[in-house]
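Dear colleague,

I am passing the structure below over to you, and I would be grateful if you could look through it alongside the notes that follow.

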2 protein chains.
Amino acid sequence: MTTKTPPLSETDRPLRADARRNHERILESARVVFAQAGPDAQIDDVARHAGVGVGTVYRHFPTKEALLAELVRQKFRLFADRARDALAKDGEPFALIEGLIRRNAATAASDAGIQYALASAGEQAWTQAQAEQDELLAVTAELIERARRAGTIRPDVEATDIGMLMCGLCSTMGARPDFDWRRHLDLVIDVLRAG
Amino acid sequence: MTTKTPPLSETDRPLRADARRNHERILESARVVFAQAGPDAQIDDVARHAGVGVGTVYRHFPTKEALLAELVRQKFRLFADRARDALAKDGEPFALIEGLIRRNAATAASDAGIQYALASAGEQAWTQAQAEQDELLAVTAELIERARRAGTIRPDVEATDIGMLMCGLCSTMGARPDFDWRRHLDLVIDVLRAG
DNA sequence: CACTATAGTGAACTATGATTCCGCTTGTCA
DNA sequence: TGACAAGCGGAATCATAGTTCACTATAGTG
């Protein structure tokens, strides 16, 4: 979760130092608070956790949903970074994909509450991260292509299939903590494997 | 969705005719309204759709969540009924399971909004349907056992695996209508099949 | 037919939590 | 170091629904 947030675009004036610091801090707190409290997390909680006033949160993110959306964007960026790393490495292509997926699932599990919060937030939070999502899909497609040539992945798998399956896995994590997501993950990986 | 609702338990006095009629009508309206509007659906909407006052809805269901929970209970009962039917039929056991799953998925898709509403409602709605869920799991386990003996199902599949996968499928339907749930379903079925 | 227990009605009440706003503080820059 | 734009704080505001309740209507019964 080290991906840098680009400075508040708009007219793109450089943020004051304290503002930049707070921006980061708020995002980090949002991550923690939403992960822990899920949909019940309130902006006030995020503000308190970050040690700033609510007003400050609102200066940086116009709505709660925007804050959530930024969290999603960051996560997609992280996943895309990891996918690019995998693309750079060499090794058995399917194994790379599997490793990637397992790692991402573990990340998602560690803050399942965010997924849960997202579910309540409505789909706009997702669509606001469209670009990052597409980027991830593009990189994933390359990885798939490579595995397909190696013949180690189920030949008809598309990048969106993986997205869909992971989406199912993650929302289940959030909504039903009683389920064993590792088992679910194993099943997902098996369906992707050739043969 | 023809499963009968048992009369309001408590001291179990027989409901007045109009009350019974309204109970049914409210449930039916709730199904329609939640399916359409998802988490945005309000009790007032349900009441209006059913042609009754809000107070009447509250006479029958103490909270919004209780109403949602009853919807879930009904759905599980329906699925369990179907599973029992499948158990009674004879034919290739895995094919029976596949048919069942496909049918249930189609049902779920037809009111994906309910799944979505549920996601926002919190997990209590699920735990309130625990009994019905367990019943479904039990019948499913029998179907699986049969398929396992026939060697046509992936040998290590448990009933909860199917529940988990379907849960993932259904929540994805609700949260991401842009995804192709039929494809998702095909993948799920493939992972269950003996490989 | 009364009579009454049961049920229905919907305006009013509340709780919750997001968002605003304005006076105060603090980086930044000359 | 002073000026001031950028940023901050957090009490107050507002909106949205869920829920209640005092009153009215009506099945069911003798």
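A polar contact is taken here as a pair of N or O atoms within 3.5 Å; within protein, one atom must be able to donate a hydrogen and the other to accept it, and residues adjacent in sequence count only if both atoms are side-chain atoms. The model is a predicted one, in which local features need pLDDT of at least 70 and side-chain atom pairs count only at pLDDT 80 or more, while totals for chains, interfaces and linings use all residues. Residues are numbered from 1 along each chain as its sequence is written, chains are lettered from A and ligands numbered from 1 in the order in which they are written, and side-chain values use heavy atoms, with hydrogens and water left out.

On DNA strand C, a phosphate oxygen lies 2.7 Å from a backbone N or O atom of B:G53, and a phosphate oxygen is also found 2.6 Å from a side-chain N or O atom of B:T56. From the other chain, a polar side-chain atom of A:Q42 comes to 2.9 Å from a phosphate oxygen of this strand. The elements that give two or more residues to the surface near DNA strand C are α1 and α3 of chain B, where helices (H or I, at least four residues) and strands (E, at least two) are DSSP runs numbered from the N terminus. The largest contribution, 5 residues, comes from α3(B).

In total, 21 residues surround DNA strand C, the closest being A:K64, B:R16, B:N22, B:G53 and B:T56; a residue is near a strand or molecule if one of its heavy atoms lies within 4 Å of it. Sugar and phosphate account for 68% of the atoms of DNA strand C that come within 4 Å of the protein.

For DNA strand D, there are 22 residues around the strand, of which A:R16, A:N22, A:G53, A:T56 and B:K64 come nearest. A polar side-chain atom of B:K64 is 2.3 Å from a phosphate oxygen of this strand, and a polar backbone atom of A:G53 is 2.7 Å from a phosphate oxygen. The side chain of B:Q42 places an N or O atom 3.0 Å from a sugar or linking oxygen of DNA strand D. Of the atoms of this strand within 4 Å of the protein, 67% belong to sugar or phosphate and the rest to bases. Here α3(A) gives the most to the surface, with 5 residues.

Turning to the protein itself, chain A has 10 helices and 0 strands. Its radius of gyration (taken over C-alpha atoms) is 18 Å, close to the 16 Å that the globule rule gives for 195 residues, so chain A is as compact as a globular protein of that length; the rule is 2.2 Å times the number of residues to the power 0.38. Buried residues make up 52% of chain A, buried meaning under 20% relative accessible area, exposed over 50% and partly exposed in between, with a 1.4 Å probe and protein chains only.

In chain B, 8 of the 10 residues of helix α6 (residues 112-121) are buried, so this helix is largely enclosed by the rest of the structure. Among those buried residues are B:I114, B:Y116 and B:L118. The buried residues of α6(B) pack against α6 of chain A together with α1, α4, α5, α7 and α9 of chain B, contact meaning heavy atoms within 4.5 Å. Just after α6(B), B:G122 takes a positive phi of about 95°.

With best regards
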